[in-house]
Amino acid sequence: MSARFLQGREAADRLLDALRSRAEALAERRGRPPRAVALLVAPDASTLAYVRQQKRVAARAGLLWEERVLEAAGTAELRRALERLSADPEVDAVLLGWPLPAGLDPLEATLALDPAKDADGLHPLHLGLLAAGRPRVVPATARAALHLIRSAVAPEGREALVIGRSRTVGLPVALLLEQAHATVRIAHSRTRDLRRAVGEAEILVAAAGRPGLVEAEWLRPGAVVIDVGTTYVDGRVRGDVDPRAAERAAAITPVPGGVGPLTTAMLMENVVELAEAASPPAQGLPAARGGGRSG
Ligand code: NAP
């Protein structure tokens, strides 16, 4: 068997084209396109390169994308920076460079951000709404993973395994799959028999950040495999799944080119949705001029 490759890039291109029209409509309505700020604390070269790549994609979608760097910050200073951005009416969306440097408390930091500007969907309100089955802002990687799964198979009733339980990737993917009526298991670093769990999965999402963790022979033949892992090894990006899994799977995401490009496009969509929610189109008749009550 040879798997179908699930190319996130094609879906990403279509989404970016659609976003451009939505961004233009917003710019016409209120005089400026959606604007996002990426707040980075002591970023390394790869984080800066990643954000610049996001900026190029944002330009394609017609969004303004700005990076602000805090060279060194404690949790209190980071909170203040997020509070300022939350209060700035010229900013529609804020993204926090992840992971934060050691010593900063991610939950404390995220709590300082207005959920209405949280394009990453990391505020506990967003995770809570997702768990409650009423998602508002969902982390882009999780949305991308579910989109690619659905392009290959209907999740309903299927055995799914998610490797990884981070708040940014594994957990939201598992919640989305559960809401799509899959039977979901979550594996993590304490899972005793990963091989057996993988062998039972019709849908496998690998998000551990451990290159080659999943061996090709472990897979259930005909599985749909979403490889979220991206780890640089000798200058090349590698996924969590042995690429030879393509000989056994029905469909698989390539690394790179699978989940990554669609994640970036879906992040852009999160920004556009926040901007649209902040300035909905006028409904019904225009308001009477002059203000005040009459009669
Ligand atoms: P993370 O916060 O480090 O979480 C990794 C998860 O994997 C943890 O839950 C950990 O278990 C689990 N894990 C680690 N080793 C394992 C093992 N040997 N067996 C089973 N589970 C194991 O990482 P993350 O932020 O979720 O990211 C995961 C991967 O996705 C990384 O490679 C990251 O670069 C990539 N990523 C890609 C995209 C994209 O767009 N393609 C976006 C975001 C992230 P414990 O909880 O027990 O520690």
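Which strand does β1 pair with, in which sense, and over how many bridges? β1 pairs with strand β11, residues 251–252, in the parallel sense over 2 bridges, where two strands count as paired if DSSP finds at least two bridges between them, and where helices (H or I, at least four residues) and strands (E, at least two) are DSSP runs numbered from the N terminus.

Before I go on, please keep in mind that this is a predicted model, in which local features need pLDDT of at least 70 and side-chain atom pairs count only at pLDDT 80 or more, while totals for chains, interfaces and linings use all residues. Residues are numbered from 1 along each chain as its sequence is written, and side-chain values use heavy atoms, with hydrogens and water left out.

Let me stay with the sheet. It is an open sheet of 6 strands in the order β1-β11-β8-β7-β5-β6, with parallel pairing. Its edge strands are β1, residues 4–5, and β6, residues 183–187, each of which pairs on one side only. On the β1 side, Phe5 has Ile252 of β11 as its bridge partner. Towards the other edge, strand β5, residues 159–163, runs parallel to β6 and is joined to β6 by 5 bridges, and here Ala160 has Val184 of β6 as its bridge partner. Between these two strands the chain passes through helix α7, residues 170–179, in a β-α-β crossover that is right-handed, meaning that, with the strands pointing away from the viewer, the path from the first strand over the helix to the second runs clockwise.

As for the overall division, an automatic or database domain assignment splits the chain into domain 1, residues 30–117, and domain 2, residues 140–260. The centres of these two domains, taken over C-alpha atoms, are separated by 28 Å.

Now to the ligand. There are 20 residues around the ligand, and those that come nearest are Arg165, Ser166, Ser189, Gly209 and Thr230; a residue counts as near if one of its heavy atoms lies within 4 Å. Helix α9, residues 259–278, gives the largest share of this shell, with 3 residues. Sorted by class, the shell has 7 nonpolar, 11 polar and 2 charged residues, with Ala, Val, Leu, Ile, Met, Phe, Trp, Tyr, Cys and Pro taken as nonpolar, Asp, Glu, Lys and Arg as charged, and the others, Gly among them, as polar.

Which atoms meet the ligand? In the side chain of Arg165, an N or O atom is 2.7 Å from an oxygen atom of the ligand, and a polar side-chain atom of Thr263 lies 3.1 Å from a ligand oxygen atom. The protein covers 70% of the 930 Å² of accessible area that the ligand has on its own, by the Shrake-Rupley method with a 1.4 Å probe.

Finally, some backbone details deserve a look. Trp98 and Pro99 are joined by a cis peptide bond, with omega about 0°, and Pro99 is found in the loop between β4, residues 93–96, and α4, residues 106–111. The peptide bond from Val255 to Pro256 is also cis, with omega near 0°, and Pro256 has its place in the loop between β11 and α9.

Note on methods:
Polar contact = N/O pair within 3.5 Å; in protein donor to acceptor, adjacent residues only side chain to side chain.
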